[in-house]
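This briefing goes through selected parts of the structure, grouped by topic. Please keep the sequence and the 3D view open while reading.

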Amino acid sequence: MSLPFPHRRRRKQMSAVNEILAQIGAAGRQEDGGYFRGCYSPEYFQAVDIVERQMQKIGMETDRDAAGNIHGVLPGNDPKAKSVVIGSHLDTVPGGGLYDGAYGVAAGLAVAKRLREEGKILRHTLEVYGFHGEESNPLGGTFGSRAIAGQVKPDQPGLAEALAAYGHNVREILDCRRDFSGVKCYLEAHIEQGDLLEQEGLKIGVVSGIVSVIRYRVTALGQSNHAGTTMMKNRRDAMVAMARLIAAADEECRKIDDTLVFTVGTIACQPGSENVIPGRVECTFEMRHMKKEKTDCLIGRIREIAAGIGTADFEITNKIDKGSVSCDSHLMEVISRSASEAGICHRIMASGAGHDANPMAHVTPIGMIFVPSRGGLSHCKEEWTSQEELESGTEVLYRTVLHLDEEAKE
Ligand code: HGY
Ligand code: MN
Ligand code: MN
């Protein structure tokens, strides 16, 4: 089986970011070329081990926490200066790609490695995180970053049970909270996971904000019945009712706003037999937008439509409500300046994907750097970004860190 690019040795010495990424890519690689590093999984901790070894090779002090995060520290030489924190996630979606999350961790380590190799000691301490549980999972997503930011709510429905299944408890996670008073900012390099940069022939996205991620559990309650003897006029078919609601919600979403997105990613049907009319169907309704009023409008319309469907009763429960966040305007300026100095074409853009930078925005100023995704594909084995584009993003990250280190004000 021929290995994809990151595992093929190229004629020229691989750059640090591509080398580290290739190493992380040894964890959770599947036969079909996709990746899966699930919550608290052996594959996830294999990636953590790889990253920790890299951190120690660079000379960073490392530590782990109960939330599954790996953390490396490269001390600065000015005790009055705060930390610059770089991070992203090491978990993946099932059948995910090599770059989502892992790139940002590899870029952070490549910056630390370059500082060491160039004999540069920053005034600011440089910290790099590999976060756990960023993807959608029983712990609620952006889990490791929420844990250190103190945003895991002890009464989050199902959290204690989900943690117990992994051999952990809520107290341990709440204890992962750290003090951010000594942090100057958080930076994250990430693949765009969309096609805007590629469409416009640009190599860097200076992120202005991250959309909200709002999820509801929607349940249609009808009446199970015999598939052969129950005439259509007598049915309370939960599957058909749910299908009607989903189609109507999709239509409403398109009417409300061009950048409002609505997704039904999961469905479960009971009793789930071919010859029984479904009595209960449960789905996840997810919506995202930068403006709260847009998602509020959509869920309002969904509730109205559900009430009018008649052949099933609907329960609509909010599961996740991560509001949109804005990136820090000064960090955006420094990132843009760094890209310009490096002669790399760039633009300002919002992120349609959620990121660990979202919880970080509640405790420190955030900046994000995007690199292009080929065909806009992500969360699939076809996810791909060229080595040169990954290096460009890392160059901009490196320059941004140097500029921030030269700033007097904290
Ligand atoms: O769902 C997201 O937007 C992110 O990739 N976890
Ligand atoms: Mn990601
Ligand atoms: Mn993702």
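Two strands are taken to pair if DSSP finds at least two bridges between them. On that basis, an open sheet of four strands runs in the order β9-β11-β7-β12, with antiparallel pairing. The model is predicted. The points below cover this sheet, two manganese ions, two helices and two single residues.

**The four-stranded sheet**

- β9 (261-270) and β12 (313-322) are the edge strands, each pairing on one side only.
- From one strand to the next, the twist averages 15°.
- Nine bridges join β7 (residues 213-221) to β12 in the antiparallel sense.
- Within this pairing, Y216 of the chain stands opposite N318 in β12.
- Helix α8 (residues 238-256) packs on the sheet and touches β7, β9, β11 (280-288) and β12.
- The direction of α8 makes about 10° with that of β11.
- In general, the strands of a sheet pair through backbone hydrogen bonds, either parallel or antiparallel.

**Manganese ion, ligand 2**

- The protein donors of the manganese ion (ligand 2) are H89 (NE2), D100 (OD) and H190 (NE2), at 2.0 to 2.3 Å from the ion.
- Along the chain, these donor residues follow the spacing H-x10-D-x89-H.
- H89 belongs to strand β3 and H190 to strand β5, so this pair ties together parts that are 101 residues apart in sequence.
- Both H89 and H190 are buried.

**Manganese ion, ligand 3**

- The manganese ion (ligand 3) is coordinated by D100 (OD), by E135 (OE), which is listed twice, and by H379 (NE2), at 2.1 to 2.8 Å.
- The spacing of its donors along the chain is D-x34-E-x243-H.
- A distance of 3.5 Å separates the manganese ion (ligand 3) from the manganese ion (ligand 2), and D100 coordinates both.
- D100 sits in the loop between β3 (83-89) and α3 (102-117), and E135 in the loop between β4 (125-131) and α4 (143-148), so the pair ties together parts that are 35 residues apart in sequence.
- D100 and E135 are both buried.

**Helix α2**

- Helix α2 (residues 42-58) has 17 residues, which should span 24 Å at 1.5 Å a residue; the end C-alpha atoms are 24 Å apart, in agreement with that value.
- The buried residues of α2 are Y44, A47, V48, I50, V51, E52, Q54, M55 and I58.
- The elements that cover these buried residues include α1 (16-24), β1 (61-64), β2 (70-74), α3 and β4.
- Just after α2 comes G59, with a positive phi of about 100°.

**Helix α10**

- Helix α10 (residues 329-341) has 13 residues and reaches 18 Å from its first C-alpha to its last, close to the 18 Å expected at 1.5 Å a residue.
- At the start of α10, the backbone nitrogen of H330 has a side-chain oxygen of D328 within 3.1 Å.
- Buried positions in α10 are L331, M332, V334, I335, S336, S338 and A339.
- These buried residues pack against four strands and a helix, namely β5 (183-191), β6 (204-210), β14 (346-351), β15 (366-371) and α12 (387-406).
- G343 follows α10 and has a positive phi, near 70°.

**Residue T230**

- T230 is found in the loop between β8 (225-226) and α8.
- With 8% relative accessibility, T230 counts as buried, because the cut-off for buried is under 20% relative accessible area.
- Its side chain reaches the backbone oxygen of H226 at 2.7 Å.
- Apart from neighbours within four places in sequence, T230 is in contact with N225, R235 and I277.

**Residue F143**

- F143 lies in helix α4.
- The relative accessible area of F143 is 0%, so F143 is buried.
- From C-alpha to C-alpha, F143 and T125 are 24 Å apart in space, and they are 18 residues apart in sequence.
- Beyond neighbours within four places in sequence, F143 is in contact with Y40, A67, H132, G133, E134, V152, L159, L163 and I173.

Conventions: Residues numbered from 1 in each chain as written. Chains lettered and ligands numbered in written order. Predicted model: local features only at pLDDT ≥ 70, side-chain atom pairs only at ≥ 80, totals over all residues. Heavy atoms only, no water. Helix = DSSP H or I, 4+ residues; strand = E, 2+ residues; numbered from the N terminus. Expected span 1.5 Å × (residues − 1). Buried < 20%, exposed > 50% of the residue type's maximum accessible area, 1.4 Å probe, protein only. Contact = heavy atoms within 4.5 Å. Polar contact = N/O pair within 3.5 Å; in protein donor to acceptor, adjacent residues only side chain to side chain. Axes fitted to C-alpha atoms, helices over the stretch in contact; angles between N-to-C directions. Donors = N, O, S within 2.8 Å, 3.2 Å for Na, K, Ca; no water.
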